[in-house]
Amino acid sequence: MANRKRVAIKRLRQSIALANLAYAQNPTSEAKASNLELPVVSSVLVVLRYVNRDGCNCWDVLLTLRSNHLRFHRGLVCLPGGKAEPGEGFVECALREAHEEIGLASTSVEVVGLAPPTMTLPKVCVWPVIAVLNKSVELKANPMEVRDVFWMPLSKFQELDAHRSPHHSFISMHYFDYTCPLTQSVYTVWGLTARLLILISSLAFQTVPQFSLCNSNQFNYSFLKKYFADESYMIQLLVSKL
C-alpha cells in the first residue's frame with residue numbers, strides 16, 4: 001500500500017501542476033487572482049488520507065462542521081481555513097487555521113501543492129492548499145469554531161448518485177449528502193466547499209464528474225456564467241492533457 005500511496009501522490013502532484021497550467025492559459029478567465037485587487041485573501045487546507053476500503057485504495061477528505069456560535073457560515077460543512085494574516089503565505093495560513101480549528105499539527109501532513117484559486121462573493125479569493133496525511137492523528141475540534149470533524153470519501157464528489165443540484169434563480173449549486181457509516185450522522189456539503197472538492201476530486205482521479213458542472217440556462221448574470229464556464233473548461237482541459 002505504501003508504494004501505491006507514493007504513486008498516487010505523484011499523480012496528484014502532476015494533476016495540480018496541469019490544473020495550474022490550464023488555469024494560467026485560460027484566455028477568458030476573469031478569476032485570476034493576479035489581475036484582481038482583492039480585499040480578502042483566504043486559504044483552506046484540503047487534507048487527504050490514503051486508505052484501503054473494501055479491498056480498494058482510495059482518498060478520503062477531512063471536513064468540519066462549523067459551530068453554531070459563529071457569526072458566519074454557522075452549521076455548514078467546510079474545509080479548515082480562513083483569512084490570511086498580514087505577511088502570511090497561503091500554506092502558512094491554511095496550516096495555522098487547521099491547527100486552531102481541529103488541532104492538526106503541521107508535521108502530520110505533507111503539502112503537495114496549491115490548486116488554482118476560486119472566487120467567492122463578494123470578491124474573496126480562496127486558495128486550496130492540498131496536503132496528504134502522513135501519520136495517524138487524533139483530532140480535537142475547537143468548540144468555539146467547530147462542532148464536528150469527519151472523513152468523507154473524495155470519490156463522492158464525482159458520483160452522480162451522491163449529487164443533487166436544485167434549480168436556483170441565478171446560479172448552479174452542487175449538493176452532496178453523506179451518511180457517516182460509523183456515527184450515522186448525516187452531512188450536506190454544498191457551496192464553495194462542494195465546488196472546491198469537485199475540482200480536487202477531478203485532480204486526484206484525473207477524470208470529470210458524472211454530472212453536469214453547470215447549466216447555462218440558470219444564469220442571469222454574465223460574469224457568473226462566464227466564471228463557472230471557465231471552471232468547467234479548466235477541468236475539461238486538464239483531463240484532455242492526461
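Two strands are taken to pair if DSSP finds at least two bridges between them. In this predicted model, strand β9, which covers residues 163–164, and strand β10, which covers residues 175–179, are paired in the antiparallel sense over 2 bridges. Within this pairing, Arg164 is placed opposite Tyr175 of β10.

Strand β10 is also joined to strand β11, formed by residues 186–190, through 5 bridges, and these two strands run antiparallel. Across this second pairing, Asp177 stands opposite Thr188 of β11. The strands β10 and β11 together form a hairpin in which 6 residues lie between them, and in the turn Gln184 has a positive phi of about 65 degrees.

Turning to the helical part of the model, helix α1 comprises the 24 residues from 2 to 25, and because each residue should contribute 1.5 Å, a span of 34 Å is expected, with which the 35 Å separating the C-alpha atoms at the ends of the helix agrees. Several residues of α1 are buried, among them Ala8, Ile9, Leu12 and Ile16, as well as Ala19, Ala22 and Tyr23.

Ser15, which is likewise placed in helix α1, belongs to this buried set. With a relative accessibility of 0%, Ser15 counts as buried, since the cut-off for that class is under 20% relative accessible area. A polar atom of the Ser15 side chain lies 2.9 Å from the backbone oxygen of Leu203, a separation that falls within the 3.5 Å applied to polar contacts.

Terms used:
Residues are numbered from 1 along each chain as its sequence is written. This is a predicted model: local features need pLDDT of at least 70, side-chain atom pairs count only at pLDDT 80 or more; totals for chains, interfaces and linings use all residues. Side-chain values use heavy atoms; hydrogens and water are left out. Helices (H or I, at least four residues) and strands (E, at least two) are DSSP runs, numbered from the N terminus. The expected span of a helix is 1.5 Å times one less than its number of residues. Buried means under 20% relative accessible area, exposed over 50%, partly exposed in between (1.4 Å probe, protein chains only). A polar contact is a pair of N or O atoms within 3.5 Å; within protein, one must be able to donate a hydrogen and the other to accept it, and residues adjacent in sequence count only if both atoms are side-chain atoms.
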